[in-house]
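Could you walk me through the empty spaces in this protein? I have the viewer open and would like to know what to select at each stop.

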Amino acid sequence: MTKVVTSPAEAVADVGEGASLAVGGFGLSGVPSVLIRAVLERGVGGLHVVSNNCGTNGGTGGGTGGGTRGRGLGELLAAGRIARVIGSYVGENKEFARQYLAGEVEVELIPQGTLAERLRAGGCGIPAFYTPAGVGTMVAEGGLPWRHHPDGSVAVASPPKEVREFDGVPYVLERGIVTDFALVRAAKGDAYGNLVFAKAARNFNPLAAMAGRVTIAEVEELCELDPDEVHLPGVFVRRVLPLTPEQAAGKGVEKRTVREA
């Protein structure tokens with residue numbers, strides 16, 4: 001059965017107010033920017049986002065564009081559509097930092113590897129797992145600021161987590177993550193949802209795709225795939241949005257590392 005949809009609006013038509021979204025990408029690499037823009041245009045808010053970072057604010061990226069709306073999830077953030085973020089990196093997004101410190105958005109920061117494994121676990125039906133990452137810190141002991149009051153004081157802090165010893169080594173219990181939707185970007189995909197990611201874009205995209213109850217993939221090229229080249233099987237993907245050549249070429253650079261002679 002084909003999973004191809006014909007427009008970004010159709011792809012996200014059932015993303016509602018307060019929905020939770022797992023979103024692929026790292027910095028601006030492999031970000032499902034077309035689907036993010038479609039969610040923005042739907043006008044829904046109160047979104048709970050799970051992603052490594054929250055995009056960039058307007059003008060970030062060494063002149064790569066984006067205006068004042070930001071790039072990637074920075075578009076939703078700038079529009080005030082995000083209520084809560086689970087991620088591992090605030091990065092250089094000054095608007096993200098401002099909203100967090102002003103109490104406008106709740107942020108749960110967790111170690112990057114733990115985030116990856118929480119998404120994978122959720123996709124595999126594993127409710128929780130033990131990891132040594134964070135033992136002996138506020139990650140395990142609690143007290144990390146999740147939300148601030150406007151005056152900067154802490155309104156909501158992280159609770160303590162269970163710590164258990166295995167072979168004399170302490171480990172902290174982390175919960176798997178499952179979201180209402182997942183938005184990902186792939187280099188190639190077929191009509192059945194099988195996906196191939198290109199180089200660094202194969203970052204959080206496969207993991208985010210696994211964690212979503214309804215996973216939507218924007219693909220730069222819709223084609224037949226050799227089973228041996230598939231990175232993510234179509235069982236995890238509900239909808240496939242083929243991009244136009246212009247949309248496929250729209251890839252931001254977070255920070256340029258070259259300079260004129």
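**A tour of the pocket and cavities**

Start by selecting α2 (33-42) and β10 (179-189): each of them supplies at least two residues of the lining of the largest pocket. Keep in mind as you look around that this is a predicted model.

Which element gives the most to that lining? It is α2, with 5 residues in the lining of the largest pocket.

Now go to the middle of the pocket. Show V31, S33, R185, G250 and K251, which are the closest to its centre of the 29 residues that line the largest pocket. The volume here is about 540 Å³. Colour the lining by class and you should find 11 nonpolar, 9 polar and 9 charged residues.

Next, on to the enclosed spaces. The count comes to 2 cavities of 30 Å³ or more.

For the largest cavity, select V23, G24, G25, F26, G27, V31, S51, N53, G55, G72 and L73, which line it. Its volume is about 50 Å³. What does the lining look like by class? The largest cavity has 4 nonpolar and 7 polar lining residues, and no charged ones. You have met V31 already: this residue lines the largest cavity and is also among those closest to the centre of the largest pocket.

The last stop is the second largest cavity, with about 40 Å³ of space. Select E108, L109, I110, V139, L144, W146, S158 and K161 to see its lining. By class, that lining has 5 nonpolar residues, 1 polar and 2 charged.

Terms used: Residues are numbered from 1 along each chain as its sequence is written. This is a predicted model: local features need pLDDT of at least 70, side-chain atom pairs count only at pLDDT 80 or more; totals for chains, interfaces and linings use all residues. Side-chain values use heavy atoms; hydrogens and water are left out. On a 1 Å grid over the protein atoms alone, a cavity is a set of points where a 1.4 Å probe fits but cannot get out, and a pocket is an open set with protein on both sides within 12 Å along at least five of seven lines; lining residues have an atom within 4 Å of a point. Grid points are joined across faces, edges and corners, and a volume is the space filled by probe spheres set on the points. Helices (H or I, at least four residues) and strands (E, at least two) are DSSP runs, numbered from the N terminus. Ala, Val, Leu, Ile, Met, Phe, Trp, Tyr, Cys and Pro count as nonpolar, Asp, Glu, Lys and Arg as charged, and the others, Gly among them, as polar.
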